[in-house]
Amino acid sequence: MPPVTDAHNVYADAGANMLSDAAKAAKPLVYVPHTKSGEVRVIDPTTFATVGTHPLGGELQHVVPSWDMRTLYATDDTTNKVVPFDPVTGKPGAAIPVQDPYNMYFTPDGASAISVAEAQRRLVFYDPHTWQQQGELPTPDCAGIDHADFTPDGRTAVFTCEFAGRVAVVDIAHRSLVRMVDMPKRNRHMGPQDIKLAPDGSVFYIADSDQNGVWVLDGAATHVIREIPTGHGAHGLYLSRDATRLFVTNRHEGSVSVLDAYTGAPITKWTIPGGGSPDMGNVSADGSQLWLSGRYDRAVYVLSTTDGSLIKKIDVGDGPHGLCVWPQPGRYSLGHTGITR
C-alpha cells in the first residue's frame with residue numbers, strides 16, 4: 001500500500017485537483033448507472049448535457065474506479081458481470097464475468113478486486129488484471145453485505161450488513177473474518193449502509209437509513225461509541241476535498257447533512273428545493289460541487305459545496321444509483337464510487 005503521508009489526514013493526497021497521471025488523461029465525465037433501466041448515462045459536467053447512453057442490461061448498481069485509476073467498472077449483480085469503461089474515451093468495453101458484484105472494492109495494495117456479493121453473503125477476490133478468481137470469504141452472518149472502508153494501515157476492512165444491523169470486520173491479508181460488531185439498535189430493513197473513515201483514522205462513520213442518522217464506530221472497529229442524528233433515510237457519506245467536512249445524504253427527506261469530519265459535530269443541513277432522493281455520488285475534482293443520484297426521482301443533483309445551493313437538476317433514466325464523478329484526485333482508488341487516498 002502507498003504510505004500514509006499525513007497521519008492526521010489519510011486523504012491528504014486526494015486534495016483539490018491532485019490528479020495522478022492516469023487521472024489527468026481522463027475526459028471529465030460523470031457516469032450514472034441505473035438499476036431499473038439497465039443503462040449507464042454519461043454526463044458532461046461542464047454543460048450538464050447527457051453525451052452518451054449505454055444500454056448494458058441487468059441491474060447496474062455502481063460505477064467503480066480501478067485501483068490504478070485506468071478503468072471504470074459498471075457493476076451488475078443480476079447477470080454477474082462488470083462492464084469496463086475507458087475513462088479517456090468514456091466508452092464501454094466487453095463485459096467481464098464476476099460473481100454477484102453488487103459493489104466492488106480494491107485492496108489498498110492493489111493486489112485484489114473484491115466483489116461484494118450481497119445476495120450470496122460473501123466476498124469474492126479477483127486478480128484485478130486477469131479477473132481470475134483468487135478466493136472467497138463467506139460472511140453468513142452479514143445479510144445485505146454492502147459498503148466498506150479500510151483502516152489507515154490497509155490491513156483491516158469494515159463491511160456493513162444492511163439487513164443484519166451490524167458490520168463485518170475483515171483481515172484483508174488473511175482474507176478472514178475477525179469479528180462481527182452489532183449496532184446498538186440492529187435495523188434489518190435498511191440498516192447500516194455507507195461507511196467512511198474519519199481523516200485521522202480515529203473512527204468510522206456508518207450511515208443507517210432506518211436509524212435516520214450515523215453510528216460512530218471506534219477506529220479499531222470493536223464497538224459503537226455513539227450516534228449522530230442527521231435526517232430521514234441517512235444513506236451516503238462523502239468527504240469535502242479538504243477532508244474537513246462529511247456530507248451525509250438523507251435519501252428519504254431530500255437533504256444533505258454536513259458534519260465536522262473529525263468530530264462528527266453537525267455544521268448545517270442543506271435541503272434540495274422541491275425535495276428529492278439523494279443517494280450516491282461524489283465531489284468534483286476541484287471540490288466545488290457535490291454530485292448525487294436521485295434514486296427514486298429519475299434525476300441527478302449538482303449541489304454547491306459552499307452553501308448547498310442546487311446548481312442543476314438533470315433528468316436521467318429509471319433508478320439512478322452509484323454515480324461516479326471522474327476524474328478524482330488521489331494516488332489510488334479503493335473502489336465504490338471513488339474512495340481515493
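Strands here are DSSP runs of at least two residues, numbered from the N terminus. The model is predicted.

**View 1. Met69 sits in a loop with a positive phi.**
Met69 lies in the loop between strand E4 (60-65) and strand E5 (72-76). Phi of Met69 is near 65 degrees. That is a positive value in a residue other than glycine. The Met69 side of this loop is not open to solvent by the numbers: Met69 has a relative accessible area of 0%. Met69 counts as buried because the cut-off is under 20% relative accessible area.

**View 2. Asp100 is a second non-glycine residue with positive phi.**
The loop shown runs between strand E8 (96-97) and strand E9 (103-106), and Asp100 is found there. Phi of Asp100 is near 45 degrees. Is Asp100 buried or exposed? At 2% relative accessibility, Asp100 is buried.

**View 3. Strands E9 to E12 form an open antiparallel sheet.**
The sheet has four strands, in the order E9-E10-E11-E12. E9 and strand E12 (133-138) are the edge strands, and each pairs on one side only. From one strand to the next, the twist averages 20 degrees. Inside the sheet, strand E10 (residues 113-117) and strand E11 (residues 122-126) are joined by five bridges in the antiparallel sense. One bridge links Ser115 to Val124 in E11.

**View 4. Strands E25 to E28 form another open sheet of four strands.**
The order is E25-E26-E27-E28, and the pairing is antiparallel. Strand E25 (278-283) and strand E28 (310-315) stand at the edges. Each has a single partner strand, so one side of each is left without a neighbour in the sheet. Neighbouring strands are turned by 20 degrees against each other on average, direction ignored.

**View 5. Hairpin of E25 and E26.**
Four bridges hold E25 and E26 in an antiparallel pair. Gly281 stands opposite Leu292 in E26. Five residues lie between the two strands of the hairpin. In the turn, Gly287 has a positive phi of about 85 degrees.

**View 6. Strand E26 is covered on both faces.**
How many of the six residues of strand E26 (residues 289-294) are buried? Six of its six residues are buried. Side chains in a regular strand alternate between the two faces of the sheet. On one side of E26 are Gln289, Trp291 and Ser293. On the other are Leu290, Leu292 and Gly294. These residues are all buried, and both faces of E26 are covered.

**View 7. From E26 through E27 to E28.**
E26 and E27 run antiparallel, joined by six bridges. Gln289 stands opposite Ser304 in E27. The hairpin of E26 and E27 has four residues between the strands. Arg298 in this hairpin takes a positive phi near 50 degrees. Next in the sheet order comes E28. Strand E27 (residues 299-304) and E28 pair over five bridges, again in the antiparallel sense. Leu303 has Leu310 in E28 as its bridge partner.

**View 8. The largest nonpolar core has 30 residues.**
Which residues have the most contacts inside this core? They are Tyr205, Leu217 and Leu246. Several strands each supply at least two core residues: strand E15 (166-171), strand E17 (192-197), strand E18 (203-208), strand E19 (213-218), strand E20 (224-229), strand E21 (234-239) and strand E22 (245-250). E18 gives the most, with five residues. Another core, of 21 residues, lies apart from the largest one. Among its residues are Tyr105, Val116, Phe159 and Cys161.

**View 9. Gly213 in strand E19.**
Gly213 lies in strand E19. Gly213 is buried, with a relative accessible area of 1%. Which residues is Gly213 in contact with, leaving aside its neighbours within four places in sequence? Ile206, Ala207 and Asp208 are among them. The others are Ile228, Pro229, Thr230, Gly231 and Ala234. Tyr296 is 83 residues from Gly213 in sequence. In space, Gly213 and Tyr296 are 20 Å apart, C-alpha to C-alpha.

**View 10. A cis peptide bond precedes Pro327.**
The peptide bond from Trp326 to Pro327 is cis. Its omega is near 5 degrees. Pro327 lies in the segment after strand E29 (324-326).

Notes:
Residues are numbered from 1 along each chain as its sequence is written. This is a predicted model: local features need pLDDT of at least 70, side-chain atom pairs count only at pLDDT 80 or more; totals for chains, interfaces and linings use all residues. Side-chain values use heavy atoms; hydrogens and water are left out. Buried means under 20% relative accessible area, exposed over 50%, partly exposed in between (1.4 Å probe, protein chains only). Two strands pair if DSSP finds at least two bridges between them. Axes are lines fitted to C-alpha atoms, for helices over the stretch in contact, and angles run from 0 to 180 degrees between N-to-C directions. A nonpolar core is a set of buried Ala, Val, Leu, Ile, Met, Phe, Trp, Tyr and Cys residues joined through side-chain atoms within 4.5 Å. Contact means heavy atoms within 4.5 Å.
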